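Please look through the sequence and the structure shown below before reading the report that follows. The report takes up one region at a time.

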Amino acid sequence: MMIVMKKSATEVEISQVVGWIESVGYRTHFSRGVERTVIGAVGDERGKEQLLSVACLPGVDQVIPILAPYKLASREFHGKRTVVDVGDVPVGGEAFVVMAGPCSIESEAQILESARVCHEAGAKVLRGGAFKPRTSPYSFQGMEEAGLKLLALARERTGMPVVTEVMNTEEVSLVEEYADLVQIGARNVQNFALLKKVGQAKKPILLKRGMMTTIDELLMSAEYILSSGNSRVILCERGIRTFETATRNTLDLSAVVVLKDRSHLPVIVDPSHGVGHWKYVTAVSRAAYAVGADGLIVEVHPEPAKAVSDGIQSLKPAKFGTLMEQLRTMEQALGKIRELDE
Ligand code: PEP
Ligand code: MN
C-alpha cells in the first residue's frame with residue numbers, strides 16, 4: 001500500500017501517519033520527493049482493512065493499493081497461465097475451444113440433435129441449461145434433474161463433455177454429478193454462499209460476469225472459488241448492461257484483454273447473451289477470437305423458432321457451421337499473432 005501525503009502535509013502529520021501504520025503491524029518505507037512525501041506500508045494482507053483507514057488521518061491525500069486484492073486469481077501471483085481441463089478438453093491452452101448447444105434442454109430429441117450438429121461442426125463442449133434463471137417466474141424454469149440426465153445421454157452419444165448451470169447451494173452436488181463444467185450464471189456472480197460451495201466442488205467452474213459487475217468484482221468472485229479450494233475456474237464475458245438498447249447487453253470485448261492481463265485464468269466469451277440476436281453472433285464471435293479469448297460459449301438450436309428460451313439469439317446448425325469454418329480460417333491467418341501476443 002502506498003500512502004501519498006498532501007503537498008501541505010506537515011512533519012507532525014507525516015509522523016502521525018507513520019505511527020498509525022506501524023501500530024497496525026506494518027513497516028514503513030519512505031520516499032521524500034521535492035513536492036510530496038510517499039510512504040510505503042509493507043506487510044501482509046491481514047491488517048489491510050485497518051490500514052485502509054489511514055485515509056482518514058490529516059495530511060493524507062491518497063491511499064493506493066499496489067497488489068491486486070485477488071491474490072489467487074491474479075497473474076502477478078501465479079505467473080504462468082492456467083489451463084483448465086473440461087473432461088478431456090483443455091481450455092486456456094493453444095486451441096480455441098468452442099462450447100455450443102441450446103439455451104435450455106427441452107427434450108431428448110432436441111438435446112441429442114443439438115449435440116449431433118454441434119459435434120459435427122467442431123464444437124468441443126456441449127452446453128444446455130437444466131436449471132434456468134428466468135426474469136419471469138412464469139417462464140420455463142428448466143427440466144431440472146430430468147434435463148441433466150438427457151445431457152449426460154448426449155455426452156454418452158457424442159463423447160463431448162457438458163456444461164450446465166447451478167443456481168443454488170442445495171443443487172451443487174446434483175449438478176456436479178452430471179456436469180463436466182459447472183456454470184455460475186450472470187445473476188449469481190456475487191452469490192457468495194454459492195461461490196464458496198462450488199469452491200468445494202470437484203468439477204471446474206465456468207464463472208460468468210454479471211450484467212453489473214466490474215472486472216475487479218468478477219476477479220474477486222473468482223477469488224472466492226479459488227480460496228475455497230477449487231483451482232479450476234474459467235471466466236466468461238457475456239455482456240454488461242449499459243445505456244444501449246439495440247443489443248440485449250453490451251459485449252465488453254475489452255474485458256477479455258484486461259482479464260487476460262490481470263489474471264492467469266482462461267477467459268471465454270458468450271456472444272449469444274452478449275448481443276441477444278443471432279444476426280450479430282457470428283461477427284462478434286470472430287472479434288472474440290481476434291481479441292485473444294480462449295474460446296466461446298454459443299447458443300445453437302436445431303429449430304430456434306421452437307426454442308422455449310433464447311430462440312432469437314440461437315444460431316441454426318448451418319449458421320453455426322459457417323461460424324466454425326470462419327474460425328478455422330481465422331486460426332490460419334491469426335494463430336501466429338495470438339501466439340506472439342502471449
Ligand atoms: C445461459 O447461459 O443460458 C444464461 C442464462 O447465461 P447468463 O447467466 O450469462 O445470462
Ligand atoms: Mn440463454
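## Contacts around ligand 1

In this predicted model, an oxygen atom of ligand 1 lies 2.9 Å from an N or O atom in the side chain of arginine 127. The side chain of lysine 132 likewise has an N or O atom that is 2.9 Å from an oxygen atom of ligand 1, and a polar side-chain atom of lysine 208 is found 2.9 Å from an oxygen atom of the ligand.

There are 13 residues around ligand 1, and those that come nearest are Arg127, Lys132, Ala186, Lys208 and Arg238. Two of these names return in the description of the strands, where residues 125-127 make up strand E8 and residues 205-208 make up strand E11.

## The manganese site

Which residues coordinate the manganese ion (ligand 2)? The ion is held by Cys103 through SG, His273 through NE2, Glu299 through OE and Asp310 through OD, at 2.0 to 2.4 Å. Along the chain, these donors follow the spacing C-x169-H-x25-E-x10-D. Histidine 273 belongs to helix H10 (residues 271-275), whereas aspartate 310 sits in the loop between strand E14 (295-299) and helix H12 (317-341), so the pair ties together parts that are 37 residues apart in sequence.

Are histidine 273 and aspartate 310 buried or exposed? Histidine 273 is buried, and aspartate 310 is buried as well.

## The barrel

Eight strands close into a barrel, and their order is E7-E8-E9-E10-E11-E12-E13-E14, with parallel pairing. From one strand to the next, the twist averages 25°. As a general background, strands of a sheet pair through backbone hydrogen bonds, either parallel or antiparallel.

Several neighbouring pairs can be followed residue by residue. Strand E8 (residues 125-127) runs parallel to E9 and is joined to it by two bridges, with leucine 126 standing opposite valine 162 in E9. E9 in turn pairs with E10 in the parallel sense over three bridges, and the bridge partner of glutamate 165 in E10 is glutamine 183. Further along the barrel, four bridges join strand E11 (residues 205-208) to E12, again in the parallel sense, and isoleucine 205 has valine 233 as its bridge partner in E12.

Strand E9 (residues 162-165) is covered on both faces, with Val162 and Thr164 buried on one side and Val163 and Glu165 buried on the other. Strand E10 (residues 181-184) is also covered on both faces, since the record of its residues shows Leu181 and Gln183 on one side and Val182 and Ile184 on the other, all of them buried.

## The open sheet and its helix

Apart from the barrel, the chain has an open sheet of four strands, which follow the order E2-E3-E1-E4 with antiparallel pairing. Strand E2 (27-32) and strand E4 (60-64) are the edge strands, each of which pairs on one side only, and the twist averages 20° from one strand to the next.

E2 runs antiparallel to strand E3 (residues 37-42), and six bridges join the two; here serine 31 stands opposite valine 38 in E3. Helix H1 (residues 11-23) packs on this sheet and touches strand E1 (2-5), E2, E3 and E4, while the direction of the helix makes about 150° with that of E2.

## Two loop residues

Aspartate 252 is placed in the loop between strand E12 (233-237) and helix H9 (254-262). The relative accessibility of aspartate 252 is 16%, and because buried means under 20%, the residue counts as buried. The side chain of aspartate 252 makes a polar contact of 2.6 Å with that of serine 254, and, leaving aside residues up to four places away in sequence, aspartate 252 touches Arg209, Glu237 and Ile240.

Alanine 95 is found in another loop, the one between strand E6 (89-91) and strand E7 (97-101). With a relative accessible area of 43%, alanine 95 is partly exposed. The C-alpha atoms of alanine 95 and glycine 335 are separated by 9.5 Å, although these residues are 240 residues apart along the chain.

## The chain as a whole

The protein chain contains twelve helices and 14 strands, and its C-alpha atoms fill a box of roughly 75 × 45 × 40 Å along the principal axes. Of its 342 residues, 51% count as buried. Among contacts between residues at least 6 apart in sequence, 68% join residues at least 24 apart.

Notes: Residues are numbered from 1 along each chain as its sequence is written. Chains are lettered from A and ligands numbered from 1 in the order in which they are written. This is a predicted model: local features need pLDDT of at least 70, side-chain atom pairs count only at pLDDT 80 or more; totals for chains, interfaces and linings use all residues. Side-chain values use heavy atoms; hydrogens and water are left out. Two strands pair if DSSP finds at least two bridges between them. Axes are lines fitted to C-alpha atoms, for helices over the stretch in contact, and angles run from 0 to 180 degrees between N-to-C directions. Contact means heavy atoms within 4.5 Å. Donors are N, O and S atoms within 2.8 Å of the metal (3.2 Å for Na, K and Ca); water is not among the atoms, so sites may look incomplete. Buried means under 20% relative accessible area, exposed over 50%, partly exposed in between (1.4 Å probe, protein chains only). A residue is near a molecule or strand if one of its heavy atoms lies within 4 Å of it. A polar contact is a pair of N or O atoms within 3.5 Å; within protein, one must be able to donate a hydrogen and the other to accept it, and residues adjacent in sequence count only if both atoms are side-chain atoms.
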